[in-house]
Every structure is written in structure tokens, then in C-alpha cells.
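Visitor: I would like to learn how to read a protein model, feature by feature. Could you walk me through one?

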Amino acid sequence: MSTSAVQQDPTAPKPGQPLNTGIKKADEIINLALAYGLTTTVETTDCETLTSHLVRFAIPTPTAYAGTELGRAIAAETLTMQWTKANRKGARGRLEEATVTSSCKLRTVWEVTASVESLGHSSNKYARDAAPLPQDVVDALHTVFVDGQQVHAGIPAEHVRTIVKNRRFRGWPFHQDDEHAICIENRRYVPVRPAPVEERQHVRTANDGVPELVPTRDALAEINTAMMEGKRDVREMTASRSTARIVYRDERGTVDLRPVNEGDTPAVQEQPPTVQELTGPTDDAHRAYLAETYAAVAEGTAIPVRADMVRPGMDVIAAVRLEDRTVDTVKVFNGSAPWVCVTWTSRSHADSVMGDARVFEPGHHLIVSVDSLTRLYGTAPAPAPRPATEVLAADPIPAGVSVLEGMPGRELTREELRTPAAVLTHTDYVTQLRDAGRWILPNHDDQADITRGSVATVLRRILDNAPGRARTSLDADGTVYVSNGRQAARYIPAELIADYSADLCPGCDTPYATNVDGPCTGGRSVPTEERTADDAKTRTRAVQFAGKWWADQHTEEPTDEALGAAFAGCVRPPRPELYPAIREAIATEMPPAAAAPLFTALAAYEAVKDASLSESPRDLQTVACHLETLPLAAPAELHPALHKAWDAVEEARQGLRGAEGRTSRNAARDKARTAIERARAVILTVEPRAERMRGTDIPATAEDIRAAARAYLTTLGTPEELSAIETGTPSIRVECRPTLSTGNEVLVRITAVVSSPIGHIPAHPPITLRIPRLDGRLKAADNARKALDHLFRVDVPVEYASLRRA
């Protein structure tokens, strides 16, 4: 007895080439499977009286689906058949048994052929869905590798695109790897591209200062921005290819950009010195004398700099005859009696360059402006490191002022953050969050350490999510502040903290690897002892005023003027000091209708449809309740229309209840129909998408589903349902049942729900679809999964449920 196994590939042997098993029907089915690109395995066993052939067909799993739930489902779709033939002359082959996906038995050759065709169609569909498109091919010459060995070079991209088109048309599997190479079995078409743009560099000179090296990608992005969306900030610009001179209207000044030429070594910007290095050792008496003598030192706009640390380009206050001068040259003599000779930049022909030169001892202090240091080094000199408790406790935000209004420093723009290294000069930062008017560190499990790239990503995301409202600023010491009016954070350079370590919490000085997850007890801008019962009382009052704000259906921005006008009629109006706490409470106590207006409008429109069918007083009362809630989700200019619609519905309801005769009942019904149509029109004005739930409106995350469910059940939800929304499990539920007539179609109802012990709580009206039944052997849920599973782009589980035929 002998056994042999042959693994057939979609292209080797080529489709249509027979595999000799000696059984005509088996060979025809095998050739059909090869034509569809199915993975075919044949195991032949020779006995004394007969020969057995065990044939298995499987769908090749696309590389994009490998390791996923869909990939495992594809790998499970197999077909196995066993053929036997007696070892005598004139014997015929016989199909002993055939099984699909190890459960469904096939009894005839026709059923086996149909199953192979079904697997082939599914294989082609999966391959097309996962395969790259012709436009994904890199526009460059390609090199062909077979089994890792180069066999051809210089293949045009159009030829590779033709190969991609042909394989997609036939449904044969292939994929594109991380190097953008097209991989077909043992062959790889690898694009040969020039050196990436990131390896090339440009020279950037700002305000004729020290040139610096920047990536060519960043330089070209700055040129393109100045030409297109940022041209309003440009006063003058000249550009030729990759060289440009840009004169900005703001503090950026004049910027020159040019590529780095061969043999050209531009000056690299030196590391900015710290204030301690520039000033040198000084005592308190000398610092007090300088602050009393020079107003700029007392105001913080200038610092004392040792003569041996002076550099050309620094602006010295009262340098010559109480006149401010700019340093031109510095000559240092390091002999037995060292000295430093400083000359100044000529302002006019009346200046005597050598006559105005000054000679100082190395330790003599010159008063240099901070602006010139920023212009010279690209940033203000970093102050000397201080203890973590002192740095984290500092709070420049004035009392009673929000971070959005009181953040210090200059404001950063979205365009500046496209090149983080040019704005954020430090590589490591410490995060602090704003909580109840104080700065706190994040929980230990989140860690406070954050890199420069992550800070830039956070800033860009906040500015994009709240355009026109969010702000971010850069303080003189390098601290970055950001706020969108409801949440705020700041990022302190780690260099400001003495003995800082990224592995230790700066608030409690414990290692992140061993400390307990939860809030840090230190690192607060306000000591913990100050959190007394007055804070709790303030919070309680703020929540009460926030409840009144939403109860009165205010939808404008809660500014100081708006809060004062809203609470002017109270017996005890809040003091202005309480306004920040009220604003925070308004943000946290926002009602569901205001958080998810679409789903509130969907619920109201459903109530209007029910009322139009029944015209009963009960349904009209439901519509009136929805119209009372809807102003929270509508802009202020639509509130009068909503109030008029509510009046009309309420008047129609009262008329229906009091109608006695036929004439009065008909008149009441006409008035009810008119009120219902008016309510329908105003709901569609508030939210035009409320007429029908669409697939693109399905909430994708667990929090979005909870918010949608709260808004959808704002009016009619029971306390048990509202409580279950917070504790249940969000998911997408797909209910499937065959149609009543023939069963050739599947009726699908898609709903985002919150599953709980009391049932499935919907977050929106169901989406109803009719899809063809792809495989009559599978249940309705399995057919729906094959047709719809690849369309869902959600972060929650998708559950398919088969229901009985209606």
C-alpha cells in the first residue's frame, strides 16, 4: 500500500491542466477547482483490490485576512470528497462520500460540482476584496525576485499594473507587503525607488540668523503652505523650484530656504545655553542690585550675561552712553589677565566702531534682552532645573480665569505644528491636566512622561476637533498650554525638573513599574489640604446652576455675560468667581439630547410617524414630549418654531379629547393632521437626516452607542433602561430571517444596542435590508455575515441572530 499527496497551486500547474487520478468525474471536478484558484490536495491510497482518492478543496486565505476572525472563517470553508476505483479492467470510479465544511453531506456529483463552484465564487470575491488596486502599484521600475533570487530588472510599472488587473479579474490571490512589493506566490515585484525625501535636507535661515538643517519634506511643506492656504500670512515671496525666500507678516519674519549642495556644510545651530550658564554664579545681593538698576531685569525681559558668554547678535541694554547696541564681534584673550573686547553693529555713519568698543573682564555682566536670545538661539534660554514640587506647583493662570483665556505665552498655529521640531525645542515633556481649577498629574497607569511627537499630535488633534474655539500657546520657559474651553492640559519640559527620570512619577517619586495604579497624591498646583468642604459646596452649587442652565434650554456658549443674564432672576445669583465651576458643570452635566442631537431627532420623527397613523391623543402627547426635549439639540434660532409646533400639537390633543360629535371629531382630526405635519417639518429642519436612519450614521464606538441610546430614550426611556445603558454591553445586533414567500431573500434588521439582563436597548431605529440568500445550506445569519461583515467599520462586537420566518 502506498500513499502520495500533491498540493496544487492556482497557477502551477496552470488552470485547466488535468491531474491524472484515473477517474473522469473526479478529474473534471479537480480541474474546475484549479480554474477557480482553490487550494487542492489529493491523497491517493493503493490497496490490493481498489484505489482510494481523498480530495480536499479549500479557499486560499488572503494575506490581509490572515490571523483575523474573517481569515479563520475563510480557512474553515472546505470540501472533502472520497473516490474509489477497483483494481480490475473496466472498473469505474465511485463517489463514496463528500462533505462541505465538515457538516453538510453531499450525495451526488452534481451537488459536489455546485459546491465547488460556490467555493470558487467565494474565493474570487475574497481575493478581489483583499487584493491591492492597480493604482496602489508604485510608479517606478520594478525588479522581479523568484524564491529570493533576482531574475529580471527594469520592469515598468504599467506592466505590473496589468498583472494586478488580470489577477483581480480572475480572482486569484496576491497581496502587497510593507515594502509596497506585489507578491504572487514565490514571485515578488519590488519597486526600485530613489532615495527617500527624508534623507535629503535643506538649509533654513530665519531673519539672517544661524542656518539650520531641516528635512526637505518639511522645507517643501513650508513653501507649499506659504503659496496656498497660508498665503494670507505672507507679505512677499520669491521661489524657484526648491529654493524660496518668504517674508511673513507675523513674528516669523524672513525665512530663506535652499537645498544643501554637495560640499556645502551649513552651520548647525548650537544647543541653547541655560540661564545659569549665561549668568554664571551670582549672589542674591548682586541680583537685587541688577533688578533695581535695570527695569528690564525686574520685568523679566532681559537677563545678565557674562562677558565671555556674549555672542554676536545679542542686544545689550545701555551698552554705550546708555544706548542699546547689538554685538558685532567678540574677541577673547585668555592670558594671565584675561579680557573680552566687544564691538557693536554700526547703525549709521556717525557711529565710531572702534571708539565705541568696550573691554570687560570675563565675569562682568552685560544686560541682554530675551528677544535677542530667542532670535539667536531659536528659543529663550532654558532656566536652571528646579525641584519637581516647585515646578509642578507653579500656576500662571490667574484666579477665576479659565485656561482658555489666561494661558501665557504666544499662541501657536496649526501650520507651525506641522514641523514640531521648529516649535517644540525639548524632546521630553511632563503632562499635567486641569481639574477643578488646579493642575494635577495623570493616573500612574497613564504616566506623565510624553515625547515631543506625541505632544504635537495631541495639539493638532485638539485644534482640528474644535476649530475656532481651541487654543494652544508656548510659554517663555517652553511649557505648552492647550484648552478647548472644557478641558485643558499643559506640557512642562522635563529639563526644567531637577534629577528627572522618565521611569519615576515626578509627583511622588515612585517607579511606574511598582506603584499602584490610580491618581498621584503629589504633583498638584494646589496642596491637597486646601480641598476642604468649601470645594464640595462650590461643586454642589455649580451643578445646581448647571441644571437650571439646561432646564431653561440654553444652547449658547456659557460666557460670563450669558451666565449673568441666565441667573439674573435667581434669589441668590452666583458670584463671578463661581462661573468657571459652573462652566465645567455645564460640560459634564450636559443632557443626552444635547450630546447626540441626531438620535434625539430620530426618536421624535418616529413618534411623529406613529401619531400620523393613529391620530390618538396618547400619540400626540408623546410627540409633544419630544418637542419639549428637542430644543436642547437645536440651535437657538429654531426654538420659536419648536415652541409653536408644540403649541399646535398640544391644542390638537386637547381638541381630540374634548370632541364629542362627528363634525367636531373630524375637525379635531384635521387639526391634528396639520399639527403633525408641522411637527414633522420642524424636526427635519432641526436635523434633515432624521427622516431615515442610514448605515453611515451607526455609532462606531462603545461610548458613542451609549450616548446615542441615552439621547434616543431621553423622552420614553424607563429608569431601568437608562440605568442599564450605563452598565450594559454595547454591540451591533443584526437580526436575520428568511422572507415569507420563497426564502430566497434574507430580511435583515441592523441596530446598535446595549445588551443587558432586561434585554437589548436600541440606540436608534432599526435599518431594514433585503439581501439575496447566497447559500441555501446556511442559516440566515450566516448568509448575512458573508454579505455584510466586511462593511462594518466599528469597534464593538457585531452579533448575528437567526430568527424564525415571519
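Guide: Happily; we will go from the whole chain to a few chosen features. This is a predicted model, in which local features need pLDDT of at least 70, side-chain atom pairs count only at pLDDT 80 or more, and totals for chains, interfaces and linings use all residues. Residues are numbered from 1 along each chain as its sequence is written, and side-chain values use heavy atoms, with hydrogens and water left out.

Visitor: How many helices and strands does the protein have?

Guide: Helices (H or I, at least four residues) and strands (E, at least two) are DSSP runs, numbered from the N terminus. Here there are 24 helices and 34 strands.

Visitor: What share of the residues is buried?

Guide: Buried means under 20% relative accessible area, exposed over 50%, and partly exposed in between, with a 1.4 Å probe and protein chains only. Of the 806 residues in the protein, 41% are buried.

Visitor: How do I read a single helix, say helix 3?

Guide: Start with its span, where the expected value is 1.5 Å times one less than the number of residues. Helix 3 covers residues 109–130, 22 residues in total, and reaches 32 Å from its first C-alpha to its last, close to the 32 Å expected. Then look at burial: among the buried residues of helix 3 are Val112, Val116, Leu119, Ser123 and Ala130.

Visitor: Which residues does serine 123 touch?

Guide: Contact means heavy atoms within 4.5 Å. Leaving out residues up to four places away in sequence, serine 123 touches Tyr36, Gly37, Leu38, Ile59, Pro60 and Gly171. Serine 123 has a relative accessible area of 3%, so it is buried.

Visitor: How are helix 22 and helix 23 arranged?

Guide: Two packed helices are described by the angle between their axes and the distance between the axes. Axes are lines fitted to C-alpha atoms, for helices over the stretch in contact, and angles run from 0 to 180 degrees between N-to-C directions. Helix 22 (residues 702–712) and helix 23 (residues 719–727) pack at about 175°, with axes 10 Å apart. Angles over 145 degrees count as roughly antiparallel, under 35 as roughly parallel, 65 to 115 as roughly perpendicular and the rest as oblique. The two helices, 22 and 23, are therefore roughly antiparallel. At their contact, Arg706, Ala709 and Arg710 in helix 22 meet Ile725, Glu726 and Thr727 in helix 23.
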